[in-house]
Amino acid sequence: MRRIYQIDQTPCAFFTAVFSAYADKCEQSAAITSTAFQSAFGDEFISVYPDEKKAARVVKKLRAIDKNCLYELDCILRTPEPDKEQTAFLYIRRLIEKNAPVRGMLAFPEIRRAVDLSARVGTERHRLTGFLRFHETSSGIYYAACTPDNELIDLLMPHFCARFKNTPFVIHDVKREIAGVSDGKSWLLAPAKRADVVFSAREDGFLTLWTEYYRTVAIPERKNTRQMKNYMPVRYWAFMPEKQSDRI
Amino acid sequence: MIDEARLKILTDGAKYDVSCSSSGSRRKNTRDGLGNASYGGICHSFTQDGRCISLLKLLMSNDCVFDCKYCPNRRSADVARASVSPEELCELVMAFYQRNYIEGLFLSSAVYKSPDYTMERLYETLRLLRTKYKFNGYVHLKGIPHADKLLTERAAALADRMSYNVELPSEQSLKLLAPQKTKESVFKPMQTLALTKRELALEHKKRTGKEERQGTGRFLPAGQTTQMIVGASPETDGTILKLSEFLYRKYDLKRVYFSAYIPVVRDPLLPNETTGLLREHRLYQADWLLRFYGFEADEIAPEGENLPMEYDPKCAWALRHPEFFPVEINTAPLERLLRIPGVGTKGAYKIMAARKYTKLTFDDLKKMRIVLKRARYFITCNGKFNGIENPAAIRVGLIAAERSDSAKQLNFFDGGFPALSALSESPALSLLTATEREKRFLLSSTPEIARSALTGQL
């Protein structure tokens, strides 16, 4: 018989569920999920509500074992995978069992899955630091839209804040309807459904120059579309001005 | 603002420069500035040819007084000429950077009027960019041969990385194809810059008692690079690698770029054919072995010899050194793991980490995404060997592994496919001379490979 802890999408709820699983002494037969679950006969469902105190105790314990694991767990919980909570939970279970960092245990499937999911978020964050495109609006704010696979707008904000000091900018996750807003000094996350963007007068000129530059700098004798797509997957092209005119 | 037509001409002139990396510098933003550098580098886009765009690669002018035979901008060529003013260029860089199109600027120029005049213009642009526009992004500056030493050093103090292109790997070829360039004019400034950087690093150590952190410091934090054209002159891969090794050791170069020769210019002294991209690829593989795998140039290819085309240089080394293998995955030290064909640095580190917890089997390796199609001939897991003993059969297996790679990326080898001819010429591969066992192996691999082995083509 399994005990299934059902939670909402927040990390706090997840850590509370981890706390409950250990408190109920059923960590070996527990599962944590935030999505609809294909239950087996005899499964017991428990709804867990976020409790900051319990979550903080789990985080403190994990930090004592391996302070870098919190970054990995954070990344895992940002992916859209249905098994993300369970992956994170199994990772924690192994951490507590070994009482030492376990990210090197790649011969174990649950660790491989955890490392994979966390690397996915890291990779996408790095990609977006390059592939994001800002447009100058008539009000002087720079606006970039994107539809990342993972929920990571807040991971991008510090990078761009360090770069664009004193320039207000917005990074908009159109899919999740959330936006990172910076006034040039500090930033925050805000829900954002739609954005009406009016380009500044000179924006079109730079868009043309950039597209022209992109087209010219390629060496036609060495066309290698496959490699281009490997490095720059097509799903990111929608918001890149240089990929609008030639979609191949 | 710069117009489209000029941007096109100046980009066209710069695009054959291979280097476009924005790595190696940790330059920080200033309080009222724009931009910083990322140590690992960031690619902002990828062109149709699969190369990354990280920096805005532009010539300040393509009006050249030099007459290098291979260069599309040489004095005697009949091409449209254009130039851009420092102000115009700064404006463009700032606008592109703010939109996150680029990571910085790659600034180069044809030798306009004189080397000193050109260097002065480059310096002026950099100075404007750093002081007036307060730009703190990445700047890669091309050195102009024969330019004044003081001017060069002042420009270097503002750039993140500088490069002088060796272009041709020997003095004779330089004399023949680039008469205005000399060995001196390229190597001397490289040496001067390397020495200055070393001196400053020493000073820093004396002052603070600590080693200077990689990628910091005021003088060329990202070091120097260079580029060589492969295939325009008769030098062998062995010579090219030896020269690269020398440059890495003596001048602390960060990268040596290779560029397979493309005949943009017709000249009786130059070959009329494009050098195969495969040769360039093999040289880069060898270059990685030099920089990250603890190999020496002599081990990879003796001077006067070329790298084999049918498999990668590490495979070639392994075939020449059967006494080194098999390597036991569960006990071998890192430097031995790194010498296994098909196992990269990432794979080697994964193995090192994972074997602390359990004895690794072939199955574990596969699940850890260690590619075994080459490695399996050279490793044991807990004493178990999963390959074949016959060296000729191993050779066939390695070529087959290469073929299955290239089948996936045929485009990569579009510029002539030397491996194809190697395949039909290689005695080991001809089914007629193959032993029964080899034949079985060939036919049991993927159908495409078996067919290609039978007919000599894919």
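What pLDDT does chain B average, and what share of the residues score at least 70? The average is 85, and 88% of the residues of chain B reach at least 70; pLDDT is the predictor's confidence in each residue, on a scale from 0 to 100. This is a predicted model, in which local features need pLDDT of at least 70 and side-chain atom pairs count only at pLDDT 80 or more, while totals for chains, interfaces and linings use all residues. Residues are numbered from 1 along each chain as its sequence is written, and chains are lettered from A and ligands numbered from 1 in the order in which they are written.

The model as a whole scores ipTM 0.93 and pTM 0.87. One stretch deserves some care: over residues 407–458 of chain B, pLDDT stays under 50, and the model has 76 contacts beyond four places in sequence for these residues. Where pLDDT is low, the predicted coordinates should not be read in detail.

**The two chains**

Here are the two chains in one table. Helices (H or I, at least four residues) and strands (E, at least two) are DSSP runs, numbered from the N terminus. A residue is buried if 20 or more other C-beta atoms lie within 10 Å of its own, exposed if 12 or fewer, and partly exposed in between, with C-beta atoms placed from the backbone. Two residues are in contact if those C-beta atoms lie within 7 Å.

| Chain | Secondary structure | Buried | Contacts 24 or more positions apart, among those with a separation of 6 or more |
|---|---|---|---|
| Chain A | eight helices, eight strands | 36% of 248 residues | 67% of contacts |
| Chain B | 18 helices, eleven strands | 46% of 458 residues | 71% of contacts |

**Inside chain A**

Taken along the principal axes, the C-alpha atoms of chain A fill a box of roughly 65 × 45 × 35 Å. Chain A is divided into domain 1 (3–123), domain 2 (132–191) and domain 3 (203–243), with bounds from an automatic or database domain assignment. The centres of domain 2 and domain 3 of chain A, taken over C-alpha atoms, are 22 Å apart. Five residues of domain 2 of chain A and four residues of domain 3 of chain A make the contact. On the domain 2 side, strand E4 (135–136) and strand E5 (142–146) of chain A each supply at least two residues.

Helix H3 (residues 69–78) and helix H5 (residues 109–131) of chain A pack with their axes 8 Å apart, at an angle of about 80 degrees. H3(A) and H5(A) are therefore roughly perpendicular to each other. Glu72(A), Cys75(A), Ile76(A) and Arg78(A) of H3(A) meet Ala114(A), Leu117(A), Ser118(A), Val121(A) and Gly122(A) of H5(A).

**Where the chains meet**

Helix H5 of chain A also holds Gly130(A). This glycine, Gly130(A), counts as buried because it has 25 C-beta neighbours inside 10 Å. Leaving out residues up to four places away in sequence, Gly130(A) touches Ile42(B), Cys43(B) and His44(B).

Across the whole interface, 48 residues of chain B are in contact with 42 residues of chain A. Elements that give two or more residues to the chain B side include helix H1 (4–14), strand E1 (45–46) and helix H12 (345–354) of chain B. H1(B) provides the largest share of that side, five residues.

Conventions: Axes fitted to C-alpha atoms, helices over the stretch in contact; angles between N-to-C directions. Parallel < 35°, antiparallel > 145°, perpendicular 65-115°, else oblique.
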